[in-house]
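Please open the model in your viewer and keep the selection panel at hand. The stops below follow one another, each beginning with something to select.

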Amino acid sequence: MEHLFEYVLRIGDDSLILGQRLAEWCGHGPILEEDIAMTNISLDLIGQATTLLDYAAKIEGKGKNADQLAFLRFDKDYRNLLLVEQPNGDFGMTMMRQFFFDAFRKPFFEALQHSKDEQLSAIAEKSLKETRYHLKHSSEWVIRLGDGTEESHQRIQESLDALYRYTDELFYSDEVQKAMESAGIAPKMDDVRSEWNKTVDYVLNEATLKIPDNQWKFEGGRRGMHSEHLGYILADMQYMQRAYPGLEW
Amino acid sequence: MVNESVIWNYLTEVADPEIPVLTILDLGIVRKVSIEGDHVQVTITPTYSGCPAMKLIEDEIIAKLREYKIDNVDVDLVLSPAWSTDWISEEGRDKLREYGIAPPEDEVDKSVLFSEPTVVPCPKCQSRNTRMISLFGSTACKAQYQCNECLEPFDYFKCLK
């Protein structure tokens with residue numbers, strides 16, 4: 001049960017933190033359509049996070065709800081990937097981060113649909129439909145910017161160079177992951193990785209972008225060891241519940 | 001005595017908060033109605049995970065049934081089977097068109113990453129010469145299109161399967 005709680009928390013926190021990051025674009029998008037697109041995607045992710053954290057709270061069995069998990073934990077209790085907490089940067093940086101994540105989430109949800117855990121399988125079935133739209137959107141932008149002007153190419157290549165080091169963690173495996181895989185609850189990460197590689201190779205090739213070699217691979221998010229950026233996100237996100245405990249809309 | 005078909009009938013009076021020409025039955029989000037004693041259970045499913053209208057729809061179902069003196073009502077949410085635009089009724093599709101929103105078209109296989117945007121006829125002039133402006137629109141379920149003939153910008157209720 002403890003493994004399952006930890007596992008659901010990981011998926012839920014990825015959606016929560018990336019949803020929060022994308023919401024920062026609200027009112028700041030480069031064009032109105034993209035402002036709307038990023039906040040729409042944010043909304044899908046926050047919706048997924050609500051269901052996942054609600055489920056995690058039930059597994060934990062301490063009478064908490066999704067909001068309490070989202071707003072009242074400390075940074076070391078968050079289990080999201082380092083990738084999703086990275087700052088938005090420019091629009092290209094946000095699209096690159098989104099593309100790496102979407103290219104992972106699609107095969108991940110496809111496989112999670114067959115999970116032996118009924119609730120996770122239902123969430124995957126629902127979320128997959130949305131994720132397909134997200135991936136289409138982010139990969140089109142990576143190609144448009146990569147294969148665009150000299151400046152857009154150079155800038156998105158820099159975003160790729162800055163973010164690629166966080167992608168190995170997408171396939172993080174430890175005791176929790178292995179236990180969930182052997183219980184038939186979690187997808188096999190090797191399979192997800194090979195699908196991810198296919199999408200990334202195809203899109204980056206179309207985009208005329210190159211994967212940097214010999215980079216140090218960062219990990220830590222799954223163990224609660226985060227970059228300094230998470231603290232700032234939480235300060236913003238948790239302010240209201242910390243200042244006015246139990247406040248409701 | 002209240003039976004299930006009476007409840008279904010009452011629910012035809014609950015409009016979708018974001019597209020008020022559609023009832024929640026046109027939209028296909030009511031999955032089940034069951035009665036046990038004087039307790040009524042209505043099961044709904046969200047269109048999108050983050051659809052902000054779900055809570056309001058839940059409240060409106062409860063308020064509507066209360067108008068008919070049915071007070072003991074619970075609304076619960078199921079995720080599976082996941083909602084599909086195929087569940088929008090024929091009548092619902094006509095209502096959408098009249099309202100100026102293009103109803104969902106059958107789209108090619110979504111596992112294909114790149115494909116031409118779907119041809120969506122203009123709900124005003126019916127021309128098929130339209131273009132996609134953005135995959136994302138005013139609500140989670142819509143995309144933005146524009147007609148190249150009559151220049152009308154319009155919402156497209158995007159296909160979700």
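Begin with the boundary between domain 1 of chain B and domain 2 of chain B, where the buried area is about 430 Å², 82% of it given by carbon and sulfur atoms. Bear in mind throughout that this is a predicted model.

To colour the two parts, select residues 4-83 of chain B for domain 1 and residues 102-157 for domain 2, as the domain assignment gives them. Their centres, taken over C-alpha atoms, are separated by 29 Å, and the contact takes five residues from domain 1 of chain B and five residues from domain 2 of chain B.

Next, show the side chains of B:Glu18, B:Ile19 and B:Tyr48, which together supply 72% of the area that domain 1 of chain B buries against domain 2 of chain B, more than any other three residues. If you look for charged pairs across this boundary, the count is zero salt bridges, and the count of residue pairs in polar contact, with both at pLDDT 80 or more, is likewise zero.

Now move to the largest nonpolar core, which has 111 residues, and select A:Tyr7, A:Phe99, A:Phe100 and A:Leu120, the members that touch the most others. Helix 5 of chain A, residues 91-112, gives the most to this core, with 12 residues. Domain 1 and domain 2 of chain B both give residues to this core, so it lies between them.

Finally, centre on A:Tyr7, whose contacts beyond four places in sequence include A:Phe108, A:Leu112, A:Leu120, A:Met180 and A:Pro187. Another core, of nine residues, lies apart from the largest one, and B:Cys122, B:Ala143, B:Phe154 and B:Cys159 are among its members.

Note on methods: Residues numbered from 1 in each chain as written. Chains lettered and ligands numbered in written order. Predicted model: local features only at pLDDT ≥ 70, side-chain atom pairs only at ≥ 80, totals over all residues. Heavy atoms only, no water. Core = buried A, V, L, I, M, F, W, Y, C linked by side-chain atoms within 4.5 Å. Buried < 20%, exposed > 50% of the residue type's maximum accessible area, 1.4 Å probe, protein only. Helix = DSSP H or I, 4+ residues; strand = E, 2+ residues; numbered from the N terminus. Domains from an automatic or database assignment. Contact = heavy atoms within 4.5 Å. Buried area = accessible area lost by both parts, 1.4 Å probe. Salt bridge = Lys/Arg side-chain N within 4 Å of Asp/Glu carboxyl O. Polar contact = N/O pair within 3.5 Å; in protein donor to acceptor, adjacent residues only side chain to side chain.
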